[in-house]
Amino acid sequence: MSTFSFAQKDAPLFDNFHQYSRREIAAFHTPGHRGGRGCEGLFRRLGGDLLALDLTELKGANLEQDPDFLLRAAEKLAAEAFGAAHSYFLVNGASSGVVTAFLALKGKGSTVLVARNAHVSVLNGLVLSGLKPIFLSPTWVEGLPCLPAAETVAKALAAHPQVAGVFVTNPGYHGIYGPLDAIATLCQARKVPLVVDEAHGGHLRYIDPAIPEASRVGADLWVWGLHKLMGSLTQTGVLHLGSTVFSREAVEEALTLVSSTSPSYLLLSSLDSARRQLYFHGREMFTQAAGLGSFLRRSCGDRPRLKILTAAHLPPGYGLDPTKVVVSLTAAGWSGLDAEEILRRKYGVQAEYADRDYLYFFISYAQKKQEVTALGEALLALAATPG
Ligand SMILES: Cc1ncc(COP(=O)(O)O)c(C=O)c1O
């Protein structure tokens, strides 16, 4: 955040729908539960006031202007806050942003360079767009697939100069990010659009503004999974447009193909509210989360039977998100999958994910320190118990 924008104090969509939901209005529209009144008892009690925000497009709530007036105002503030030319709120996950990106790329050619370290939504985007992929090999770090090296992209661009674009995923699920700046320079030199699945990024700017995120390197289109770590409700995301390489019309047309005509204004409100929180508090939120990640690394690091991924494992040009902690207990005889199960059953700890070799823990700004301490103790206990 370079210059302060007073307008960021507003959350136009959230604030107006909140006010609207408090008005005494006889509703004769969807949804039928009438502000929660008609929900089943326990659900109604748990949902409380939030259920009144479960609305969709409404003329009255939208200041009686065009039905998308408040949504566009909220997205404009998001674009300003996050460094995009335009931002689009997503209520069907980052997945829908990824598929939209492929549908937009379809207008640019018939083949696309795709980094193999990809989420399943990338494959879905390829299927739905009909684009033919030319896959780029990832850089492997300790057995984890990461952003391809710039040389890999350079060779592929030289061999296939007519591609519709380059699609990469960075950072990965494991928090390792790569030389996106060098890849962007290559794409810009060849005038090839760069699209980034940054579902696990976005918050890195609040930890270190020098980290090469999509907005900083001049990507043309990129996707955020805001719900993953940045404070909005599950299923929300943002698709960012960075340049005029893709027209707004093309992106908006592609978006309608994967979007509901009744988007949840509860989910959209959570995006608007999360943007406001990030704008004013993002730095302290993620300094806190990064600090807890470092605390966990310090508490458990450098043990013969317990490996925690650190910057020392990475090749030059790659970095590690301090809020993602990737742990291996294979030297103690535990597969990631078995360790995940015992952590959950015996120690009351739930990891984000596990595979054969690793456990993946996401540290949030809203995490309690005693939870991180308990996780560290559980990991050390497992390391001391042969699996
Ligand atoms: C790299 C990556 N991209 C996209 C997605 C899709 O995100 P969502 O679950 O919000 O649809 C995920 C989900 O885990 C992911 O890991």
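This is a chat about a predicted model, its ligand site, one of its strands and a few backbone details.

Colleague: Hi! What should I know before I start clicking around?

Modeller: It is a predicted model, where local features need pLDDT of at least 70, side-chain atom pairs count only at pLDDT 80 or more, and totals for chains, interfaces and linings use all residues. Residues are numbered from 1 along each chain as its sequence is written, and side-chain values use heavy atoms, with hydrogens and water left out.

Colleague: Great. Which residues surround the ligand?

Modeller: The shell is G93, A94, S95, H119, T169, Y173, D197, A199, H200, H227 and K228. A residue counts as near the ligand if one of its heavy atoms lies within 4 Å of it.

Colleague: How does that shell split by class?

Modeller: There are three nonpolar, six polar and two charged residues. In that scheme Ala, Val, Leu, Ile, Met, Phe, Trp, Tyr, Cys and Pro are nonpolar, Asp, Glu, Lys and Arg are charged, and the others, Gly among them, are polar.

Colleague: Which helices supply at least two shell residues each?

Modeller: α4 (93-105) and α9 (226-229) do, and α4 gives the largest share, three residues. Helices here are DSSP runs of H or I with at least four residues, strands are E runs of at least two, and both are numbered from the N terminus.

Colleague: What polar atoms lie by the ligand's oxygen and nitrogen atoms?

Modeller: A polar side-chain atom of S95 is 2.5 Å from a ligand oxygen, and a backbone N or O atom of A94 is 2.9 Å from a ligand oxygen. On the nitrogen side, a polar side-chain atom of D197 lies 2.6 Å from a ligand nitrogen. The protein covers 83% of the 390 Å² of accessible area that the ligand has on its own, using the Shrake-Rupley method with a 1.4 Å probe.

Colleague: T169 is in that shell too. What is going on with its strand, β6?

Modeller: Strand β6 (residues 166-169) is covered on both faces, with V166 and V168 buried on one side and F167 and T169 buried on the other. Buried means under 20% relative accessible area, exposed over 50%, and partly exposed in between, with a 1.4 Å probe and protein chains only.

Colleague: And which strands pair with β6?

Modeller: Strand β2 (residues 111-115) pairs with β6 in the parallel sense over two bridges, and V166 is the bridge partner of L113. Strand β8 (residues 194-197) also pairs with β6 in the parallel sense, over four bridges. There T169 stands opposite D197, and both of those residues belong to the ligand shell. Pairing requires at least two DSSP bridges between the strands.

Colleague: Switching topic: where are the cis peptide bonds from T30 and N170?

Modeller: The T30 to P31 bond is cis, with omega near -5°, and P31 is in the loop between α1 (12-22) and α2 (41-47). The N170 to P171 bond is cis as well, with omega about -5°; P171 sits in the loop between β6 and β7 (176-177).

Colleague: What about E142 and K191, with their positive phi values?

Modeller: Phi of E142 is near 50°, in the loop between β4 (139-141) and β5 (144-146), and E142 is partly exposed at 34% relative accessible area. Phi of K191 is near 55°, in the loop between α7 (180-190) and β8, and K191 is exposed at 75%.

Colleague: Last one: how is the protein divided into domains?

Modeller: Domain 1 is 12-63, domain 2 is 64-279 and domain 3 is 284-384, with bounds from an automatic or database domain assignment. The C-alpha centres of domain 1 and domain 3 are 40 Å apart.

Key:
A polar contact is a pair of N or O atoms within 3.5 Å; within protein, one must be able to donate a hydrogen and the other to accept it, and residues adjacent in sequence count only if both atoms are side-chain atoms.
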